[in-house]
Amino acid sequence: MSQIFWSYFILSLIWFLSEVSEMVECFSSFTLSTGKCGDLLGQVEKNSCCLNPSYAYKEADGVCRFCGRAAWSEWTPWGECSVSCTEGVSQRRRSCHGIGDCTDPENLGTVQTKPCVKQQCCPVKGGWSEWGKWQICSVTCGDGIRKRQRTCSEPIPQCGGSCSGEEEDTTPCATEKICPTHGGWSSWGSWGPCPVTCLYEGHSLQKELRKRTCTNPTPSTVPRGNDCEGSDTDNRPCSGQPFCPVNGNWGAWTNSTSCSVTCGVGQQTQRRICDSPKPAHGGKQCRGEEQQTIICTILVNCPLNGMWTEWGEWSHCKPPSTRNIKCRNREGKRRRERDCVDSQHNGDLCDGEIVKYGNCYEIDECEMDGVLSEWSEWSYCKPDCGTDSKQIREIKCVADISSYSSQDRTIFTGTPRVNCKDLKEQIERRPCKNVPECVNKVVMLCSELMYIHFY
């Protein structure tokens, strides 16, 4: 009785919070794979934003929340292996976005973990050989360098390892001969100013000048270096000077366009043109935006398309004629159904069939010999965190269906009486290595309660 009371209390509290609509940032798109909002419309009431189930919103905590029904994101790609060498684990995740809880009939959860090996062995460092002999000096005059080398071979590194340090060593060397220094031009200086800032018709063009010096480097005296070739001065006509500038100014705003949507929250647009006057001859452009948008709300619910429920259980396997099919190699027929639900506000109905038919064999209460199955695939690592994470695989005693036309066990219905005498079922476990540590469950529970409060 107490559990029923608290369930009713929580549902009433959620209804009350939902009725007190708060101001939120409303977005016209939501990406299920990343959980991110897109195309900000502006601030509106949360109830108005969620008139369109394809919209999303952000509250004060900055988290993007989807207006539509709860749905799983795609699984993320498998993450990096937890260690760079030997065996570790890799994980992938998915998230539930939207209003309500996501269905999880196969109990897959939000995290999957599997073993991984990036490299079978870990790198082992090598050792350097002795240094080789010094090479000859790199120049014939002035100062240069000499080099010597060694190899990473004593011992040779293993499994992608390397040696620490450099394989080449250098030292200064002097020839005791002075080299001549030839002159080189510095970079050109900046162009000098033109005498006018605007061009006027009928005036002759002036020239602008720039200079450079023979100082990059300066030629040596003893021994004598060569001087720089060419002139130290350059000139050009002043060209491209603009006419005197005219700054632009905005014209009046146009009337607003119609609302961009027919339901929920959309936008209206106004425009203006920089033509009173237009900027000319290098004058400044108009400051500000040539377009502005404002929020508009159509108080009509947007269409909500229907969605299929999960397939129901298969019906009893029935014979296609009056002939008995139970415990015999004769196919029967069965069916299962699903419903199209939640189509609202002229939304589309579901695509596809409401009924599925299939072949079957009836083996309920049939006396059958047992056989051992093959080893199953290794399960995912469970739990997904902590040092106790393990994988299992099994060999089970199953009904021998070798005398039937089909070996697909999924089309056999009922529970046979299987003789498993002298057959030994097996189960094998192995630990998962380098699994991430578990997050504090108390912190996770508080986060979930806060999420329920916001909804």
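The radius of gyration I am about to quote is taken over C-alpha atoms, and the rule for a globule is 2.2 Å times the number of residues to the power 0.38. What I am showing is a predicted model. By that rule, a compact globule of 455 residues would have a radius of gyration near 23 Å, but this protein has 40 Å. Along the principal axes, its C-alpha atoms fill a box of roughly 115 × 85 × 50 Å.

Some more overall numbers. The protein has three helices and 24 strands. Of its 455 residues, 24% count as buried. The exposed surface is about 31400 Å², and carbon and sulfur atoms supply 52% of that. If you take contacts between residues at least 6 apart in sequence, 67% of them join residues at least 24 apart.

Now to one sheet. Which strands form it, and in what order? Three strands make an open sheet, ordered 16-18-22, with mixed pairing. Strand 16 and strand 22 are the edge strands, since each pairs on one side only. As general background, strands of a sheet pair through backbone hydrogen bonds, either parallel or antiparallel. Here we have both senses. Strand 16, residues 332–337, runs antiparallel to strand 18 over six bridges. One residue pair to look at there is Lys-333, whose bridge partner in strand 18 is Asn-359. On the other side, strand 18 and strand 22 are parallel and share two bridges. Tyr-361 has Phe-412 of strand 22 as its bridge partner, and Glu-362 stands opposite Thr-413 in strand 22.

Keep Tyr-361 and Phe-412 in mind for the next part, which is aromatics. The structure holds five aromatic pairs. Take Tyr-361 and Tyr-404: the ring centres are 5.2 Å apart and the planes are at 75 degrees, so this pair is edge-to-face. Anything over 60 degrees counts that way. What does the pair connect? Tyr-361 is in strand 18, residues 355–362, while Tyr-404 is in the loop between strand 21 (397–399) and strand 22 (412–413), so the pair ties together parts that are 43 residues apart in sequence.

Tyr-404 also pairs with Phe-412, again edge-to-face, at 5.1 Å centre to centre and with 80 degrees between the planes. Ring pairs therefore link Tyr-361, Tyr-404 and Phe-412 into a cluster.

Are these three residues buried or exposed? The cut-off for buried is under 20% relative accessible area. Tyr-361 is at 1%, so it is buried. Tyr-404 is at 9% and counts as buried too. Phe-412, at 12%, is also buried.

So, to put the two parts together: Tyr-361 and Phe-412 are bridge partners across strands 18 and 22, and both belong to the ring cluster that includes Tyr-404.

Last item: charges over rings. Where does Arg-334 lie? Over the face of Trp-314, at 4.2 Å from the ring centre. A second case is Arg-393, which lies over the face of Trp-375 at 4.5 Å from the ring centre. Arg-334 falls within strand 16, residues 332–337, the strand at one edge of the sheet I described.

That is what I have on this model.

Definitions and conventions:
Residues numbered from 1 in each chain as written. Predicted model: local features only at pLDDT ≥ 70, side-chain atom pairs only at ≥ 80, totals over all residues. Heavy atoms only, no water. Phe/Tyr/Trp six-rings, centres within 6.5 Å; stacked < 30°, edge-to-face > 60°. Helix = DSSP H or I, 4+ residues; strand = E, 2+ residues; numbered from the N terminus. Buried < 20%, exposed > 50% of the residue type's maximum accessible area, 1.4 Å probe, protein only. Lys NZ or Arg CZ within 6 Å of the ring centre and 35° of its normal. Pairing = 2+ DSSP bridges. Contact = heavy atoms within 4.5 Å. Areas by Shrake-Rupley, 256 points an atom, 1.4 Å probe, with all protein chains shown as cover.
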